[in-house]
Amino acid sequence: MNKRMKTLALSSAMLMSLAACSQAAGGNVEDVKKAFLNHFPGKQVKSVSATPVKGIYELVVDGRQVVYVNSDASYLFVGDLIDAKNKESLTEKKMAELSKVDFNALPFQYAFKDVRGKGERKMAVFTDPDCPFCKKLERESLKDIDNVTIYTFLYPLTQLHPDAMRKSKQIWCSADKAAAWTAFMRDGKPLTGPDNCDTPLDKIQALGEKMGITGTPALVFANGRMVPGAIDGGDIEQLLNAK
């Protein structure tokens, strides 16, 4: 049995166990919230809703974390809730809703852009110059994407890449930011410019934290969908065309 199937099997077993342990009379969402907070008083509950599994409730806590409990919150499950019939993760669907972004409200003055062809399709990328997955995205996934405007927000993860902040400043301080970025990320050319100009990097850091971005690259599409990681070009095409 592969790892994914083992995870699904374990998830199913845990959910059945939770349902069996749920109170016979069930509960309403306010009762579930109160019960949860009795067990976890330090948590912030954003929403509570019933799931398709009888006796199991979905909670969104601390902003973006999705957990599942039985009616008196005596059992808690963290993981994917799978709709087996439709082969769909209800947890992933909920997470996508929670991470949805108002694309047009992004502060594009803090980004530099790469316009390809007519540039009709739009996306934004939060990225780190020392992130290997960001380089993979630039060199492979985005290489052949056309008719797109890509807004790049420099988002150095200094706890992982101590020199990324300096490099980000050098890129922002360049006369042609997009050209400096492309030369460094795709062609491997060293950065040689200054790093002492005014930059919006602190504002981008605050924005990324507010959006819940904890890793790079993070891709944001015009329909508001935010996707983490160096996904392949075919997936990017689909997301660019999605309504």
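1. A quick definition before the pocket talk: helices (H or I, at least four residues) and strands (E, at least two) are DSSP runs, numbered from the N terminus. Keep in mind, too, that this is a predicted model.

2. With that numbering, which elements each supply at least two residues of the lining of the largest pocket? They are helix 3 (90-98) and strand 11 (226-228). Helix 3 gives the largest share of that lining, with 4 residues.

3. As for the space itself, the largest pocket holds about 430 Å³. It has 18 lining residues, and Met95, Ser99, Met226, Val227 and Pro228 are the closest to its centre. If you're thinking about chemistry, the lining splits into 10 nonpolar, 5 polar and 3 charged residues.

4. The pocket also draws on both domains: domain 1 (27-97) and domain 2 (101-239) each put at least three residues into the lining.

5. Now the sheets. One is an open sheet of 4 strands, ordered 1-2-3-4, and its pairing is antiparallel. Strand 1 (45-50) and strand 4 (76-77) sit at the edges with a single partner strand each, so one side of each has no neighbour in the sheet.

6. In the middle of that order, strand 2 (residues 56-61) and strand 3 (residues 65-70) run antiparallel and are joined over 6 bridges. To find the register by eye, look at tyrosine 57, which stands opposite valine 69 in strand 3.

7. Two helices pack on this sheet. Helix 2 (residues 29-39) touches strand 1, strand 2, strand 3 and strand 4, and its direction makes about 130° with that of strand 1. Helix 3, the one from the pocket lining, touches strand 1, strand 2 and strand 3, with its direction at about 135° to that of strand 3.

8. The other sheet to look at is open as well, with 5 strands in the order 7-9-8-10-11 and mixed pairing. Which strands are at the edges? Strand 7 (112-116) and strand 11, each of which pairs on one side only. Neighbouring strands here are turned by 20° against each other on average, direction ignored. Note that edge strand 11 is also the strand that supplies at least two residues of the pocket lining.

9. A parallel pair within that sheet is strand 8 (residues 121-127) with strand 9 (residues 148-154), joined by 7 bridges. For a landmark there, take arginine 121: its bridge partner in strand 9 is valine 148.

Notes:
Residues are numbered from 1 along each chain as its sequence is written. This is a predicted model: local features need pLDDT of at least 70, side-chain atom pairs count only at pLDDT 80 or more; totals for chains, interfaces and linings use all residues. Side-chain values use heavy atoms; hydrogens and water are left out. On a 1 Å grid over the protein atoms alone, a cavity is a set of points where a 1.4 Å probe fits but cannot get out, and a pocket is an open set with protein on both sides within 12 Å along at least five of seven lines; lining residues have an atom within 4 Å of a point. Grid points are joined across faces, edges and corners, and a volume is the space filled by probe spheres set on the points. Ala, Val, Leu, Ile, Met, Phe, Trp, Tyr, Cys and Pro count as nonpolar, Asp, Glu, Lys and Arg as charged, and the others, Gly among them, as polar. Domain bounds come from an automatic or database domain assignment. Two strands pair if DSSP finds at least two bridges between them. Contact means heavy atoms within 4.5 Å. Axes are lines fitted to C-alpha atoms, for helices over the stretch in contact, and angles run from 0 to 180 degrees between N-to-C directions.
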